[in-house]
Each structure stands twice: as C-alpha cells, then as structure tokens.
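Colleague: I would like a close look at a single part of this model. Please take one helix and its surroundings, and then place it in the rest of the fold.

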Amino acid sequence: MEGIKIAKDHMEKNDLKMVVYNNGKIVAQSTDRGIKPIYDVYTNNFKELEGAFVADRITGKAAAMLLAEGRIRGIYTDLISEPALEIFNQKGIVMEYGKKVPHILNRDKDGMCPIETISRNVQGVGDLIEGIEEF
C-alpha cells in the first residue's frame, strides 16, 4: 500500500524509529526507542491514528495493542513479534515486515523486553497503559 511505503521511506530516510502518516502528511515521528513513540501518539494524539499508516522499527504486542485500538490501517515494521502479528491479523490491519520473532528481547538481548512481559499479562489496553505507566 502506498501509505505504508510513504511512512517506511520517511522513517528510513530520516533515521527515525517511528512514523505515523495520515491524510497525506506525516502527523507524528520520533527518534525515541521502545514503546515511547507509540505510547506518546496513543495518549497525546489518539485521533491521528485512525486510518493511519505506521512505520516502526520494532513492534511487540504492547505496540500492536495500542495501534490496533487506535484503528490504524496498515503498518511496516523491521521486526515483529508473533503476538503482535496475531493482533494485526485479527483486526484486519495490513502488514509488511522484515523479520518475525517469538517475542521482543530486552536491550541486553538476555531476556524478554519488559514491556512485552507486561503486555502478556494484561487483559486490555487500559491495563496495558497502567502497566506501562508503572514501569
């Protein structure tokens, strides 16, 4: 899809970690790592997500939960976890990705990402937001 390509190209050309493209323009972008860019868009610019195309470097279950709740239309990600893939498939969100992994690792690569761990133990987005804020 053209929207996914535009978001991905913008992310790569500008060395960004996350981009949201909607209604013909870039509505959010970030150089921050982890869940922060998607969490910030979800909590501060939620309306910008509906129908948007997202490019993200690493997409785990927590990010997928937030983006699906925001009703994005499509996503490109370099790395996606199997639980995130399942969420996008269930919601009918178009995906393009580089590599699929069982789960996202922490920055030291010696265990599961703490946010991925939180997302596995929540029932919904409200619980997820609470877990992220406590983290």
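Modeller: A convenient place to begin is Arg71, which follows helix α3 and has a positive phi, near 60 degrees. This is a predicted model. Helix α3 itself spans residues 61-69 and is mostly covered, with 8 of its 9 residues buried. Those buried residues are Lys61, Ala62, Ala63, Ala64, Met65, Leu66, Leu67 and Ala68. In general, an α-helix has 3.6 residues a turn, so residues three or four places apart point the same way.

The cover over the buried residues of α3 includes the helices α2, α4 (82-91), α5 (114-120) and α6 (125-134), together with strands β3 and β4. Of these, α2 (residues 36-44) also lies across β1, β2 and β3, and runs at about 35 degrees to β1. Strands β3 (53-59) and β4 (74-81) are in turn among those that helix α1 (residues 2-13) lies across, the others being β1, β2 and β5; α1 runs at about 50 degrees to β3.

These strands belong to one open sheet of 5 strands, ordered β2-β1-β3-β4-β5, with mixed pairing. Its edges are β2 (25-30) and β5 (94-101), each of which pairs on one side only. Neighbouring strands of the sheet are turned by 10 degrees against each other on average, direction ignored. At the β2 edge, β1 (residues 18-22) and β2 run antiparallel and are joined by 5 bridges. Within this pair, Tyr21 stands opposite Ile26 in β2.

Technical notes:
Residues numbered from 1 in each chain as written. Predicted model: local features only at pLDDT ≥ 70, side-chain atom pairs only at ≥ 80, totals over all residues. Heavy atoms only, no water. Pairing = 2+ DSSP bridges. Helix = DSSP H or I, 4+ residues; strand = E, 2+ residues; numbered from the N terminus. Axes fitted to C-alpha atoms, helices over the stretch in contact; angles between N-to-C directions. Contact = heavy atoms within 4.5 Å. Buried < 20%, exposed > 50% of the residue type's maximum accessible area, 1.4 Å probe, protein only.
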